[in-house]
Amino acid sequence: MSYDPTAHLLLTPEDADAPERVLRLRELGIGEVPVPEFDDFARKLAGITGAPYAMVNFIDENRQYFGGLYAPAADHAVGLGPAPAQTAGVGRVMARDHGYCPHVVVRRKALVLEDVCDYPRFAGNPVVDEIGIRSYLGAPLIDRTGMALGTVCVVDQEPRPWGRQGLETIKTMAADLVDQIHRRERERS
């Protein structure tokens, strides 16, 4: 095994679990189409955090899919990429190399970026220049199998002082959504 001193600088982390995650998401029947309950969850998350955008995000080898999405009204929305399904003018699909959720999934830990420009590793992400994202708060969705299925996250186009309260809130909300996913799984059985 060789040491790569630049590995920590990768803008998009390598994700060895992606193929297994795709299988688990298919088993759960999520990650490919919008789920109204997840949209409701994203709306609630935006309300609790005061963020203008909130997502329930599932990640595969090549893309991110917002199975739950809350965004401002269409006349104020920013585009998050091409999408087969849209909510308030915001696309539900984003490339895997955009945003911060892939880092959360690979790290399996919540991530708080009060101002992404304070972090050279994250300031160069395409969502900064293309969409104007300046702050991020996200937590992984780790299900009963131990798989990180995706994330719940909120973003803003302004720096935000999320603080410890924001971190605790996003982690609690992630756990709540995992419980909801498990209930859906039991109901499908």
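**Exercise 1. Find out how many salt bridges a search of the whole structure turns up, then look at the one between R21 and D15.**

*Solution.* Start with the count: searching the whole structure gives 14 salt bridges. Keep in mind that you're working with a predicted model.

Next, zoom in on R21 and D15. Their side chains form a salt bridge, with 2.8 Å from N to O. A salt bridge needs a Lys or Arg side-chain nitrogen within 4 Å of an Asp or Glu carboxyl oxygen, so this pair makes the cut.

Now ask: are the two partners buried or exposed? Buried means under 20% relative accessible area. R21 has 1% relative accessibility, so R21 is buried. D15 comes in at 16%, so D15 is buried too.

**Exercise 2. Work out which parts of the chain the salt bridge between R24 and D143 ties together.**

*Solution.* First, check the distance: the side chains of R24 and D143 meet at 2.6 Å, N to O.

Second, place each residue. R24 sits in helix α1, which covers residues 18-28. D143 is in the loop between β7 (135-142) and β8 (148-156). The pair therefore ties together parts that are 119 residues apart in sequence.

Third, check the burial. R24 has 6% relative accessibility and counts as buried. D143, with a relative accessible area of 5%, is buried as well.

**Exercise 3. Decide whether R63 and D60, which share a salt bridge, are buried or partly exposed.**

*Solution.* Begin with the bridge itself: the side chains of R63 and D60 are joined at 3.3 Å, N to O.

Then use the cut-off of 20% again. R63 has 23% relative accessibility, so R63 is partly exposed. D60 has 18%, so D60 is buried.

One more step takes you back to R24. Salt bridges with shared partners link R24, E27, D143, R144 and E185 into one network.

**Exercise 4. Now zoom out and describe the whole chain: its elements, its burial and its contacts.**

*Solution.* Count the elements: the chain has six helices and eight strands. Read from the N terminus, they go α-α-β-β-β-β-β-α-β-α-α-β-β-α.

Move on to burial. The chain has 189 residues, and 50% of them count as buried. Its accessible surface is about 9200 Å², with 52% of that belonging to carbon and sulfur atoms.

Finish with the contacts. Take those between residues at least 6 apart in sequence: 66% of them join residues at least 24 apart.

Definitions and conventions. Residues numbered from 1 in each chain as written. Predicted model: local features only at pLDDT ≥ 70, side-chain atom pairs only at ≥ 80, totals over all residues. Heavy atoms only, no water. Helix = DSSP H or I, 4+ residues; strand = E, 2+ residues; numbered from the N terminus. Buried < 20%, exposed > 50% of the residue type's maximum accessible area, 1.4 Å probe, protein only. Contact = heavy atoms within 4.5 Å. Areas by Shrake-Rupley, 256 points an atom, 1.4 Å probe, with all protein chains shown as cover.
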